[in-house]
Every structure is written in C-alpha cells, then in structure tokens.
Amino acid sequence: MYQLPEDFIFGGATAAYQVEGATKEGGKGPVAWDDFLAEQGRFSPDPASDFYHQYPQDIELCEKFSVNGLRLSIAWSRIFPNGTGEVNQEGVDYYHKVFAECQKRNITAFVTLHHFDTPKVLFDNGDFLNRDTIEA
C-alpha cells in the first residue's frame, strides 16, 4: 500500500463569499457580488454552506477525514466594512475563532487575503484599476 510522506498536507480550500453566508451579520459590509447576485435572481450567498455559523463542525469534519490543511480567504468587508477605516472587531474575532478551531484540530490554515470580494465602495470606485484600492 502506498503511503504519503509524513509532511504531506492533504488540504481543502474555501472562499469566504462562497461558504460563509452571513453576508449581513457580524458587521460585514457589502461587496459587489451582493448586488450582482440579487439582480441575477438565481443565486444567493445566504446561507451558502453557512461556514460562518457551522465552522466548528466543518473543521471537525476536516480532522475526521484527515484534511490537515485548509485554505481560507478572509472577507475584506468583514474586517473593514467600508473597505478602509474603522476595523470591525466582531469580524476580527470571528477569524480568530476559526483559526483557533483549526489549531485545536491540528489543521494548518493557509490564508488568502483577497478572493474576488472587494468591498462594494472600493469596487464602485474602480476596484483594482484605482490606485486607492491597491493602497487599501
């Protein structure tokens, strides 16, 4: 039987907007996808897979099935609801709890800082074609 190396990372991946749900909870600000999906009328980000509320069970399942690495994106607008400025402490606390759960379950978290969910105010001002967004 073939055995993977001891240091092999068997990982999974998520994107905040695709899994968290809770787009209007925890102080999260809007992103461009919110309006786009509402206009389409076909898809809703709420509840997605409800990772925002279910992360302890989801991460426990990772441990159960030997997933020892998890790539997570941080929703920019959950930390900075307006893209810049005041920090939403509730959002920071949420991610700290997610990372603590990963650590408790011996799962290495890999962070993607941006996964195509620019805060709406920055998107409306030119997204990454605007230098201010790049600076933010």
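Buried, in this talk, means under 20% relative accessible area. Keep that cut-off in mind. The model is predicted.

Start with helix 2, residues 32-40. Ala 32, Asp 34 and Leu 37 are buried there. What do the buried residues of helix 2 pack against? They pack against helix 1, at 16-19, and helix 6, at 120-124. Just past the end of helix 2 comes Gly 41, with a positive phi of about 70°.

Now the sheet. It is open, with 3 strands in the order 1-2-3, and the pairing is parallel. Which strands stand at the edges? Strand 1 and strand 3, the latter at 108-112. Each has a single partner strand, so one side of each is left without a neighbour in the sheet. On average, neighbouring strands of this sheet are turned by 20° against each other, direction ignored.

Look at one pairing. Strand 2 covers residues 69-73, and it joins strand 3 in the parallel sense over 5 bridges. Within that pairing, Leu 70 stands opposite Ala 109 in strand 3. In general, strands of a sheet pair through backbone hydrogen bonds.

A helix lies across these two strands. Helix 5, residues 89-104, lies across strand 2 and strand 3. How does helix 5 run relative to strand 2? At about 175°.

Next, charges. The structure holds 7 salt bridges. I will take three of them.

The pair Glu 20 and Arg 78 comes up now. Their side chains meet in a salt bridge at 2.8 Å, N to O. Glu 20 sits in the loop between helix 1 and helix 2, while Arg 78 sits in helix 4, residues 76-79, so the pair ties together parts that are 58 residues apart in sequence. Buried or exposed, Glu 20 and Arg 78? Both are buried.

Another pair is Glu 63 and Arg 105. The closest N and O atoms of this salt bridge are 2.8 Å apart. Glu 63 belongs to helix 3, residues 51-64, and Arg 105 to the loop between helix 5 and strand 3, so this salt bridge ties together parts that are 42 residues apart in sequence. Now check the accessibility of each partner. Glu 63 has a relative accessible area of 32%, so it is partly exposed. Arg 105 has 17% relative accessibility, so it counts as buried.

Then Lys 104 and Glu 101. They form a salt bridge too, with the closest N and O atoms 3.8 Å apart. The cut-off here is 4 Å from nitrogen to carboxyl oxygen, so 3.8 Å qualifies. Where do these partners sit? Lys 104 and Glu 101 are 3 residues apart in helix 5, so about one helical turn separates them. The general rule fits here: an α-helix has 3.6 residues a turn, so residues three or four places apart point the same way. Accessibility again. Lys 104, at 55%, counts as exposed. Glu 101, at 11%, is buried.

Which residues are linked in a network of salt bridges? Glu 63, Glu 101, Lys 104 and Arg 105.

Last, the surface. Tyr 2, Leu 4, Phe 8 and Phe 10 make a nonpolar patch of about 460 Å². Take Phe 8 from that list. Phe 8 is found in the segment before strand 1, which covers 11-13. Its relative accessibility is 36%, so Phe 8 counts as partly exposed. Patch residues need over 30% relative accessible area, so Phe 8 at 36% clears that bar.

Conventions
Residues numbered from 1 in each chain as written. Predicted model: local features only at pLDDT ≥ 70, side-chain atom pairs only at ≥ 80, totals over all residues. Heavy atoms only, no water. Patch = residues over 30% accessible without salt bridge, like charges linked within 9 Å, V, L, I, M, F, W, Y side chains within 5 Å. Areas by Shrake-Rupley, 256 points an atom, 1.4 Å probe, with all protein chains shown as cover. Helix = DSSP H or I, 4+ residues; strand = E, 2+ residues; numbered from the N terminus. Buried < 20%, exposed > 50% of the residue type's maximum accessible area, 1.4 Å probe, protein only. Pairing = 2+ DSSP bridges. Axes fitted to C-alpha atoms, helices over the stretch in contact; angles between N-to-C directions. Contact = heavy atoms within 4.5 Å.
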